[in-house]
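Student: Can we go through this structure together? I'd like to start with a single residue and work outwards.

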Amino acid sequence: MKKVVVHQYGGPEVLKIEDYPIPAPKKDEVLIHNQYISVDYTDIYWRTGQLDAPKPPLTPGKAGAGIITKLGEGVTNFKIGDRVAYIQTPGAYSEYFTALAKFVVKLPDQISFKEAASMMMKGLTAEALIKKVYPVDSDKTIFIHAMAGGVGSFLTAWGHSLGATIIGTVGTAEKEESARRLGADLVINRHTQDLVKETNSFTHNYGVDVVYDGIGQATVYDSLKILKILGLYVNFGQVSGPVKDFALGSLAERTQYVTFANINTFVDDLGLMQEMSYELFNFYIESGFKKHQTIVDFPFDEVIKAQQLLESSKSVGSIVLKV
């Protein structure tokens with residue numbers, strides 16, 4: 001079988017496709033024949049040695065969808081041939097790989113492998129943010145950085161479906177149109193407009209209830225300037241770099257709150273993982289988000305191009321690898 005291996009941290013060129021034997025599932029594991037694999041920023045963090053990256057050699061990837069071909073000892077809730085999706089299963093950039101069964105869910109017939117791979121990391125992150133970290137309803141005004149991206153698309157559409165007022169940023173005219181189609185009330189081009197001025201004008205200087213930010217260092221302090229009294233700033237990524245030397249005193253003027261949301265907190269709980277997955281699937285099927293979602297797929301052997309597109313910040317929606 002083919003799998004991607006990183007022998008040293010670095011740019012996209014360190015992603016090497018190599019031949020390996022098909023592994024056998026251990027106790028509580030299943031063997032999955034991948035059909036589509038999600039390309040996420042966590043994969044780039046691993047390739048470059050950030051966050052929780054293991055030491056090389058390593059295989060990136062934590063989410064995707066495929067078919068179960070073997071069951072390990074103790075696995076009773078799946079059978080060979082089941083269509084499944086998974087998350088938080090390191091080593092997903094591979095034709096076949098083993099995953100702990102507790103991170104695997106069965107797919108509804110209405111959701112394709114491609115759709116499932118595109119939504120597991122991004123959609124479950126959005127579900128955690130908008131349902132668990134800060135529950136959103138029709139009384140809330142929320143701000144989303146990169147609202148036309150992978151997680152941002154889900155947050156925008158989901159927030160709109162809940163009746164919230166949606167404000168956020170994009171980087172291109174194409175992404176402006178995409179964000180509006182998803183239900184955004186105010187779309188700010190971060191390259192040509194002042195997000196603080198535009199947001200505070202729109203909210204009459206009241207501010208927003210919550211900011212969802214996967215950008216990091218470049219956006220944290222502007223985010224606080226648009227956050228209301230007792231508002232919550234939620235960081236869930238560091239595309240522009242990690243937030244360093246954060247000054248707690250910057251929260252004093254409006255007594256604001258700050259947190260870093262990690263999807264591991266939620267999917268490590270088997271019951272919660274299943275509950276969140278089926279809520280995500282139902283949202284995807286019933287809300288109409290499906291017809292607005294953009295999924296860009298690359299052949300497995302073009303993994304370098306896939307990660308380059310993600311890093312370029314030019315992509316709209318989700319990126320997946322077709323095995």
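Student: Okay, Asp19: buried or exposed?

Tutor: This is a predicted model, and in it Asp19 has a relative accessible area of 55%. The cut-off for exposed is over 50%, so Asp19 counts as exposed.

Student: Which side chain does Asp19 meet in a salt bridge?

Tutor: That of Lys2, with 2.9 Å from N to O. The pair links distant parts of the chain, since Lys2 sits in strand β1 and Asp19 in strand β2, 17 residues apart.

Student: And how exposed is Lys2?

Tutor: Lys2 is partly exposed, at a relative accessible area of 34%.

Student: How many salt bridges does the count come to?

Tutor: The count comes to 15 salt bridges. One of them is between the side chains of Glu311 and Arg47, at 3.1 Å from N to O.

Student: Where in the chain are Glu311 and Arg47?

Tutor: Glu311 is in helix α10 and Arg47 is in helix α1. They are 264 residues apart, so this pair also links distant parts of the chain.

Student: Is Arg47 buried or exposed?

Tutor: Arg47 has 2% relative accessibility and counts as buried. Its partner Glu311 is partly exposed, with a relative accessible area of 34%.

Student: What about Lys225 and Asp222, where do they lie?

Tutor: Both are in helix α6, which covers residues 220-225. They are three residues apart, about one turn of the helix. Their side chains meet in a salt bridge of 3.8 Å, N to O. Elsewhere, Glu176, Glu177 and Arg180 are joined into one network by salt bridges that share partners.

Student: How exposed is Asp222?

Tutor: Asp222 is partly exposed, with a relative accessible area of 29%.

Student: Back to α10. Which of its residues are buried?

Tutor: In helix α10, residues 303-312, the buried ones are Val303, Ala306, Gln307 and Leu310. Looking down the axis of α10, these buried residues fall within an arc of 90°, so they line one face of the helix.

Student: What covers the buried residues of α10?

Tutor: The cover includes the strands β1, β2, β3, β14 and β15, along with helix α1.

Student: And what comes after α10?

Tutor: Ser313 follows α10, and its phi is positive, near 65°.

Student: Changing topic: pockets. How much space lies in the largest one?

Tutor: About 970 Å³. The largest pocket is lined by 45 residues, and those nearest its centre are Tyr41, Val151, Gly214, Phe236 and Val239.

Student: Which helix gives the largest share of that lining?

Tutor: α2 does, with six residues. Helices α1, α2, α3 and α7 each supply at least two residues of the lining of the largest pocket.

Student: How do the lining residues of the largest pocket divide by type?

Tutor: There are 22 nonpolar, 17 polar and six charged residues.

Student: And how much space is in the second largest pocket?

Tutor: About 160 Å³. Its lining includes Met1, Lys3, Tyr20, Pro21 and Thr59. Strand β6, residues 96-100, gives the most to the lining of the second largest pocket, with three residues. By type, that lining divides into seven nonpolar, four polar and one charged.

Student: One more strand, then. Which strand is Tyr36 found in?

Tutor: Tyr36 is in strand β3, residues 29-39. It counts as buried, at 14% relative accessibility.

Student: What is Tyr36 in contact with, leaving aside its neighbours in sequence?

Tutor: Leaving aside neighbours within four places in sequence, its contacts include Gly64, Tyr86, Phe113, Asp297 and Leu321.

Student: And Lys140, buried or exposed?

Tutor: Lys140 has 18% relative accessibility; buried means under 20%, so Lys140 counts as buried. Its place is in the loop between α2 and β8.

Student: What does Lys140 touch?

Tutor: Not counting residues up to four places away in sequence, Lys140 touches Tyr134, Pro135, Ala164, Thr165 and Asp209.

Student: How far apart in space are Lys140 and His33?

Tutor: They are 42 Å apart, C-alpha to C-alpha, and 107 residues apart in sequence.

Terms used: Residues numbered from 1 in each chain as written. Predicted model: local features only at pLDDT ≥ 70, side-chain atom pairs only at ≥ 80, totals over all residues. Heavy atoms only, no water. Helix = DSSP H or I, 4+ residues; strand = E, 2+ residues; numbered from the N terminus. Buried < 20%, exposed > 50% of the residue type's maximum accessible area, 1.4 Å probe, protein only. Contact = heavy atoms within 4.5 Å. 1 Å grid on protein atoms, 1.4 Å probe; cavity = no way out; pocket = protein on both sides within 12 Å on 5 of 7 lines; lining within 4 Å. Points joined across faces, edges and corners; volume = space filled by probe spheres on them. Nonpolar A, V, L, I, M, F, W, Y, C, P; charged D, E, K, R; others polar. Arc of directions from axis to C-beta. Salt bridge = Lys/Arg side-chain N within 4 Å of Asp/Glu carboxyl O.
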